Amino acid sequence: MVALIQSCVKFQANPACEDNLIDAIKSRDRSQQKCKSWTVMSLNDGIVMVLLSYDSIEDILADQEKSLAWLDTVDHLIEKLPDGSRTKAYSGIIVDQGIQ
């Protein structure tokens, strides 16, 4: 089955912590998660984006508690946003996807 939902989570690393944040994201144990695939991107100026593909919004919700617990372990690596949150996240239905 092709994953139908994409979740995008953006982090702003604390100064000089981008590599440590990326290492923490890459080393995360996803064996118990419901995501089907993930991609980690380094954008610029310490911004790190994680793209996760899921079969359903229910699967995202099922992973939420574990994801928040993991986020607590890397809190010291993340710069808080002006509203006090640690991430900016979006999820939506994939309307087109391809591989060449």
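Which residue in β3 is the bridge partner of Trp-38? In this predicted model, the bridge partner of Trp-38 in β3 is Leu-52. The pairing of strands β2 and β3 is antiparallel and comprises 6 bridges. Strand β2 covers residues 37-42 and strand β3 covers residues 47-54. Trp-38 also has a charged neighbour: Arg-30 lies over the face of its ring, at 5.1 Å from the ring centre.

Strands β2 and β3 form a hairpin with 4 residues between the strands. Asp-45 belongs to the loop between these two strands. In this hairpin, the phi angle of Asp-45 is positive, near 50°. Most residues other than glycine have a negative phi. Asp-45 has a relative accessible area of 71% and is therefore exposed, the cut-off for exposed residues being over 50%. A positive phi also occurs at Ala-16, where the value is near 65° and the residue is again not a glycine. Ala-16 is located in the loop between β1 and α1, the latter spanning residues 18-26. With a relative accessibility of 82%, Ala-16 counts as exposed.

Strand β3 also pairs with β1, in the antiparallel sense, over 8 bridges. Two residue pairs illustrate this contact. Cys-8 stands opposite Leu-51 in β3, and Phe-11 stands opposite Val-48 in β3. Strand β1 is joined in addition to strand β4, residues 87-93, by 7 bridges, and these two strands run antiparallel as well. Cys-8 takes part here too, with Tyr-90 as its bridge partner in β4. Cys-8 thus has a partner in β3, Leu-51, and a partner in β4, Tyr-90.

Strand β3 is mostly covered, with 7 of its 8 residues buried. Val-50 is placed in this strand. The relative accessibility of Val-50 is 4%, so the residue counts as buried, the cut-off for this class being under 20%. Val-50 and Ile-22 are 28 residues apart along the chain, and their C-alpha atoms are separated by 9.7 Å.

The cysteines were examined for disulfides. A disulfide is a covalent bond between the sulfur atoms of two cysteines. The count of disulfides in the model is 0. Cys-8 is in no disulfide, as the nearest cysteine sulfur, that of Cys-35, is 13 Å away; the cut-off for a disulfide is a sulfur pair within 2.5 Å. A further cysteine, Cys-17, has a relative accessibility of 16% and therefore counts as buried.

Helix α2 contains 17 residues. At 1.5 Å a residue, a span of 24 Å is expected for this helix, and its end C-alpha atoms are 25 Å apart, which agrees. Helix α2 has a kink of about 40°, centred on Gln-64. The buried residues of the helix are Asp-59, Ile-60, Asp-63, Trp-70 and Leu-71. Ile-57, also found in α2, has a relative accessible area of 39% and is therefore partly exposed. Between Ile-57 and Gln-6 the C-alpha to C-alpha distance is 9.1 Å, although the two residues are 51 residues apart in sequence.

The structure holds 1 aromatic pair. The ring centres of Phe-11 and Trp-70 are 6.3 Å apart and the ring planes stand at 85°, so the pair is edge-to-face. The cut-offs behind this assignment are centres within 6.5 Å and planes over 60 degrees apart. Phe-11 lies in strand β1, residues 5-12, and Trp-70 lies in helix α2, residues 57-73, so the pair ties together parts that are 59 residues apart in sequence. Both Phe-11 and Trp-70 are buried. Phe-11 therefore faces two partners of separate kinds in this description: Trp-70 as the other ring of the edge-to-face pair, and Val-48 as the residue opposite in β3.

Notes:
Residues numbered from 1 in each chain as written. Predicted model: local features only at pLDDT ≥ 70, side-chain atom pairs only at ≥ 80, totals over all residues. Heavy atoms only, no water. Phe/Tyr/Trp six-rings, centres within 6.5 Å; stacked < 30°, edge-to-face > 60°. Buried < 20%, exposed > 50% of the residue type's maximum accessible area, 1.4 Å probe, protein only. Lys NZ or Arg CZ within 6 Å of the ring centre and 35° of its normal. Pairing = 2+ DSSP bridges. Expected span 1.5 Å × (residues − 1). Bend = angle between axes of the 7 residues up to and from the residue.
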